[in-house]
Amino acid sequence: MRTVMLAVASLGLSVTACSSYDTSPTYTDTTPVASVSVTLPSPAIMPGQTEHGVAVARDANGSPLSRAINWQSSNPQSASVNDSGMVAAVAPGAALIIASSEGVTGQASLTVLTPPPIPVATVLVALNPSSLVVGQTGRATATLLDPTGNSLSGRVVTWQTSNASVASVSANGDVSAVAAGSSIISATSEGQSGSASLAVTTPAPIPVATVSVSPSGSSILIGASAQLTAVTRDANGNVLSGRVVTWSSANASIAAVSSSGLVTGVAAGTAAITASSEGRTGIASVTVNAPAPVPVASVAVTPATSSIQAGATVQLSAVTRDVNGNVLTGRTVSWSSGSTGIATVSGSGLVTGVAAGTATITATSEGRSGTASITVTAPAPVPVASVTVSPATSSVIVGATAQLSAVTRDASGNVLTGRVVSWRTGNSALATVSGAGLVTGVAAGTTTITATSETISGTASVTVSPPPVITAPEPAPGDVTLVQNSFNNSTIAEILGQYANRGDIQLVPGRSGSAVRFTYSSSSYDNLLEMIIPQSTDTYFRFFYRLSVGADPTCGGRGDSGMKWFMAWRPDPAPRYTMGVGNLDGGPATALPNAGNEFTTHDNSSTQMPNPFLSNINKSLRFSTTNDGAWHEYTLHIVTGNGGYEQIWVDGVLVLDNSAYGYDHSAVGISLIQFPGTLVTWFAGCDFTIDVDDLVVWHK
């Protein structure tokens with residue numbers, strides 16, 4: 001083979017001869033591409049349409065060149081192009097159709113248009129259900145079709161009814177049956193309409209379930225009438241109107257009844273009147289009485305005047321007469337006394353003298369009355385023969401009281417009332433006694449208390465014991481005092497300025513100096529001083545309190561939860577320890593069961609059960625036994641952490657001890673306290689006060 005190459009610089013051609021037999025030369029154009037032009041038959045087409053793009057490569061002089069062309073689209077989601085330049089519209093949008101040759105590109109813009117919506121040709125309406133009962137609802141649906149029968153969606157549909165008094169239709173096709181009849185329900189979309197016919201029927205009448213007759217019982221005289229009424233109801237108790245009711249009498253010889261329920265008395269007796277409707281009945285009882293007897297016109301009492309001693313009796317009698325003075329027998333007579341403190345009278349007219357004076361005795365029959373005057377004279381008083389004092393022996397501690405009572409008797413041992421009794425003590429240095437027999441212990445020892453009436457005396461022995469030794473913990477040398485306040489300030493503002501507080505708080509005289517008073521009433525029953533203390537895990541709290549006489553946070557048992565008496569808080573987490581006063585029973589059986597009003601404890605953070613809400617070991621000292629207007633000492637000991645517990649002393653007596661429980665407290669110590677407390681529920685008429693003095697908080 002032989003190869004010949006001819007290079008023509010000016011034309012950029014090379015000539016090659018191949019083989020000794022084929023003398024035809026092959027020319028290769030090496031002129032570089034300078035630009036590429038792209039043209040499209042149409043710059044805008046619809047989705048699904050195609051068109052052929054034309055690309056021409058040109059040299060620097062604008063002359064076309066025969067070169068290979070590569071095609072691509074900038075947005076294939078809107079328009080695609082194949083290797084031959086065939087462009088296909090995919091979805092509305094814009095794309096650049098790009099042709100490139102030897103690194104040189106050209107492009108043409110193409111817009112894929114949004115096709116116009118297919119018009120609605122047919123509207124089909126369906127009702128579900130196709131018929132309704134008055135009060136029911138249904139649903140109308142519209143199906144939209146194009147000219148070829150394909151379903152269309154997303155079109156606006158409007159609804160209307162041909163007869164709104166029979167059926168209504170909402171904007172979303174909800175149909176409501178209004179009254180019996182028929183109506184055409186229509187749907188319209190893009191000028192095309194469809195409809196369906198709706199039949200509305202009246203509901204079947206609700207059957208009668210009960211018939212009630214009123215009044216259920218009545219009384220009439222012979223010849224008189226009474227109107228009865230019957231009410232029919234369905235099974236749910238709803239009244240049914242317009243139902244047919246028939247009336248009948250079980251004994252028409254006593255009482256007859258008309259078709260409208262009018263009952264007429266025929267003869268004395270009782271008859272049942274029945275009302276019937278749709279197989280159901282109701283009954284009323286009618287009593288027919290004979291005409292009233294001749295009325296009483298006057299009552300005469302004999303004797304008209306009497307005189308008796310206190311304790312004696314006299315029999316009175318009453319005679320009833322008609323307007324003509326005729327005596328009427330068998331009439332009921334009631335007796336009364338105008339002054340029962342002087343004389344009483346029995347139902348038969350027997351008068352008993354009670355005390356000296358004059359009383360009017362009245363006999364009444366059928367609204368008419370007669371009277372008699374009774375004079376009661378006092379007998380000579382029976383002299384006191386003995387005086388008994390009880391209890392015959394008693395014990396009190398210094399400062400405490402004991403109530404004695406005296407009973408006077410005559411020579412026969414009968415109790416005499418209303419006698420004057422005077423009291424005296426054998427040794428006022430040991431015990432005093434009031435005019436009412438209330439003994440107050442002054443000093444340790446034994447003395448005699450004497451009650452005297454009409455020169456006759458009785459005695460009782462009273463032993464006065466020294467006050468108990470206070471055994472509650474007290475701050476000792478080496479202990480760390482965390483908070484101490486005796487509240488000896490000049491004004492309440494000085495105290496309230498130191499602590500967060502709420503409620504009605506006043507400054508009053510205290511044990512020594514001043515004290516803080518908290519008044520519990522309908523407008524203030526959440527009364528607290530809030531003190532921040534150094535955090536401690538083994539803490540003692542001691543203060544003195546004074547309750548107003550008779551104070552009761554449970555208000556006579558109306559609110560068993562009582563009050564939150566003392567609350568101690570941890571900083572984080574926040575659960576509190578609540579010391580309460582409630583009316584709930586608890587504690588061991590030996591500790592005065594069912595006492596109530598105890599100072600108790602409830603740990604809000606413990607999860608171990610049982611949680612000892614009430615575990616009092618002694619119930620003799622409680623809120624209700626210290627509401628005497630005197631000062632009392634309250635001491636609380638709280639240990640936090642696992643094995644934690646509480647102890648409470650009142651006036652030095654250990655009344656609660658949870659140390660055996662060892663339940664699972666948080667180890668975080670106490671850092672805030674609130675006292676004296678807040679009532680859980682307020683009840684009207686339960687106002688009282690709590691005074692607080694001499695607070696100290698410490699740890700060992």
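Two strands pair if DSSP finds at least two bridges between them. In this predicted model, three bridges join β25 to strand β30 (residues 262-265), and the two run antiparallel.

## The three-stranded sheet

The pairing of β25 and β30 belongs to an open sheet of three strands, arranged in the order β25-β30-β29 with antiparallel pairing. At the edges stand β25 (225-227) and β29 (255-257), each of which pairs on one side only. On average, neighbouring strands of this sheet are turned by 20 degrees against each other, direction ignored. One position can be followed across the pairing: Ser 225 stands opposite Thr 264 in β30.

## The four-stranded sheet

Another open sheet consists of four strands in the order β34-β42-β41-β38, and its pairing is mixed. Its edges are formed by β34 (305-309) and β38 (334-337); each has a single partner strand, so one side of each is left without a neighbour in the sheet. The average turn between neighbouring strands here is 25 degrees, direction ignored.

The edge strand β34 pairs with strand β42 (residues 368-377) in the parallel sense, over five bridges. Within this pairing, Ser 306 is found opposite Ile 374 in β42.

A salt bridge involves loops that adjoin strands of this sheet. Arg 331 forms a salt bridge with Glu 366, and their closest N and O atoms are 3.1 Å apart. Arg 331 lies in the loop between β37 (327-328) and β38, whereas Glu 366 lies in the loop between β41 (357-365) and β42; the pair links distant parts of the chain, 35 residues apart. Glu 366 is partly exposed, with a relative accessible area of 44%.

## Strand β58 and its partners

Strand β58 (538-547) is mostly covered, for nine of its 10 residues are buried. It pairs with strand β62 (residues 631-639) in the antiparallel sense over nine bridges. It also pairs with β67 (688-699), again in the antiparallel sense, over seven bridges.

Which residues stand opposite Tyr 540 in these two pairings? In β62, the bridge partner of Tyr 540 is His 637. In β67, Tyr 540 stands opposite Trp 698.

Strand β58 also contains Arg 542, which forms a salt bridge with Glu 474. The closest N and O atoms of the two residues are 2.8 Å apart. Because Glu 474 lies in the loop between β52 (456-465) and β53 (480-485), while Arg 542 lies in strand β58, the pair ties together parts that are 68 residues apart in sequence. Arg 542 has a relative accessible area of 11% and is therefore buried, the limit being under 20%. Glu 474, by contrast, is partly exposed, with a relative accessible area of 30%. The contact extends beyond two residues: Glu 474, Arg 542 and Glu 633 are linked in a network of salt bridges.

## Salt bridges in the whole structure

How many salt bridges does a search of the whole structure find? The search finds 13. Among them is the pair of Arg 67 and Glu 102, whose closest N and O atoms are 2.8 Å apart. This pair also links distant parts of the chain: Arg 67 is in the loop between β8 (64-65) and β9 (70-73), and Glu 102 is in the loop between β12 (93-101) and β13 (104-112), 35 residues apart. Arg 67 is buried at a relative accessible area of 17%. Glu 102, at 53% relative accessibility, counts as exposed because it lies over the 50% limit.

The following table lists salt bridges described in this report.

| Arginine | Glutamate | Closest N and O atoms |
|---|---|---|
| Arg 67 | Glu 102 | 2.8 Å |
| Arg 331 | Glu 366 | 3.1 Å |
| Arg 542 | Glu 474 | 2.8 Å |

## The disulfide

The count of disulfides comes to one. It joins Cys 555 to Cys 686, with an S to S distance of 1.5 Å. Cys 555 lies in the loop between β58 and β59 (563-569), and Cys 686 in the loop between β66 (670-679) and β67, so the pair ties together parts that are 131 residues apart in sequence. Are these two cysteines buried or exposed? Both Cys 555 and Cys 686 are buried.

The disulfide thus concerns loops next to β58 and β67, two strands that pair with each other in the antiparallel sense.

Key: Residues are numbered from 1 along each chain as its sequence is written. This is a predicted model: local features need pLDDT of at least 70, side-chain atom pairs count only at pLDDT 80 or more; totals for chains, interfaces and linings use all residues. Side-chain values use heavy atoms; hydrogens and water are left out. A disulfide is a pair of cysteine sulfur atoms within 2.5 Å. Buried means under 20% relative accessible area, exposed over 50%, partly exposed in between (1.4 Å probe, protein chains only). Axes are lines fitted to C-alpha atoms, for helices over the stretch in contact, and angles run from 0 to 180 degrees between N-to-C directions. A salt bridge is a side-chain nitrogen of Lys or Arg within 4 Å of a carboxyl oxygen of Asp or Glu.
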